[in-house]
Amino acid sequence: MVEIAAYLVFAMLSVALVLALIRLMKGPMLPNRVVALELIASLLVGFIAVYAIHTGVDDFIDVAIVLALLAFMAAVGFARYLEKGGPRDD
């Protein structure tokens, strides 16, 4: 039963990842692209977490936590950059 749930979650995360990539490429403004990039990072954390549950290897959880922290710090840094008047196309 866990196998089926893992495959379903992988499929849903894949669809979400494709949609986020489309938003990243087509984003009309820079903030849209930043949000899409943050979503992609969150989806990758989800992939790693589900993979850790699926395989039973707990070390991947540490990787997911580090990736989530890095993505958060990148989002904060980018938001500060935009707030300070970085280049914007909107």
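pLDDT is the predictor's confidence in each residue, from 0 to 100. That score matters here, since what you're looking at is a predicted model. Across the chain pLDDT averages 88, and 94% of the residues score at least 70. Among the elements of the chain, helix H1 has the highest mean, at 92, and helix H3 the lowest, at 89. Let's take a tour that keeps coming back to one residue, phenylalanine 47, which sits in helix H2.

**Meet helix H2**

- Helix H2 runs over residues 30-55, and its 26 residues reach 37 Å from the first C-alpha to the last. That's close to the 38 Å you'd expect at 1.5 Å a residue.
- Plenty of H2 is tucked away: Ala36, Ile40, Ala41, Leu43, Val45, Gly46, Phe47, Ile48, Val50 and Ala52 are buried.
- What covers those buried residues? Part of the cover comes from helix H1 (2-26) and helix H3 (59-83).
- Right after H2 comes glycine 56, with a positive phi near 85°.

**Zooming in on phenylalanine 47**

- Is phenylalanine 47 buried or exposed? Its relative accessibility is 18%, and the cut-off for buried is under 20%, so phenylalanine 47 counts as buried.
- Setting aside residues up to four places away in sequence, phenylalanine 47 touches Phe10, Leu13, Ser14 and Leu17.
- Take serine 14 as an example: 33 residues separate it from phenylalanine 47 in sequence, yet the two C-alpha atoms are 8.8 Å apart in space.
- Leucine 43, also buried in H2, has contacts of its own with Leu13, Ala16, Leu17 and Ala20, once neighbours within four places in sequence are left out.
- Here's a handy bit of background: an α-helix has 3.6 residues a turn, so residues three or four places apart point the same way.

**Aromatic pairs**

- A pair of aromatic rings is described by the distance of the centres and the angle of the planes.
- How many aromatic pairs are there? The count comes to three.
- In one of them, the rings of phenylalanine 10 and phenylalanine 47 have centres 6.0 Å apart and planes at 15°; stacked means under 30 degrees, so this pair is stacked.
- Phenylalanine 10 belongs to helix H1 and phenylalanine 47 to helix H2, so their pairing ties together parts that are 37 residues apart in sequence.
- Both phenylalanine 10 and phenylalanine 47 are buried.
- Tyrosine 51 and phenylalanine 60 make an edge-to-face pair, with 5.2 Å from centre to centre and 70° between the planes.
- Tyrosine 51 is partly exposed, because its relative accessibility is 39%. Phenylalanine 60 counts as partly exposed too, at 30%.

**The nonpolar core**

- Which residues make up the largest nonpolar core? There are nine in all: Ala6, Phe10, Leu13, Leu17, Ala20, Ile40, Leu43, Phe47 and Val50.
- H1 and H2 each supply at least two residues of this core, and H1 gives the largest share, with five.

**What the record adds**

- UniProt, in an unreviewed entry, places the feature "transmembrane region" at residues 6-22, 34-54 and 60-82.
- In the model, residues 6-22 are 100% helix and 0% strand, with their end C-alpha atoms 24 Å apart.
- Residues 60-82 are likewise 100% helix and 0% strand, and there the end C-alpha atoms lie 33 Å apart.

Methods:
Residues numbered from 1 in each chain as written. Predicted model: local features only at pLDDT ≥ 70, side-chain atom pairs only at ≥ 80, totals over all residues. Heavy atoms only, no water. Helix = DSSP H or I, 4+ residues; strand = E, 2+ residues; numbered from the N terminus. Buried < 20%, exposed > 50% of the residue type's maximum accessible area, 1.4 Å probe, protein only. Contact = heavy atoms within 4.5 Å. Expected span 1.5 Å × (residues − 1). UniProt positions renumbered as here; feature names shortened; annotations may be inferred. Phe/Tyr/Trp six-rings, centres within 6.5 Å; stacked < 30°, edge-to-face > 60°. Core = buried A, V, L, I, M, F, W, Y, C linked by side-chain atoms within 4.5 Å.
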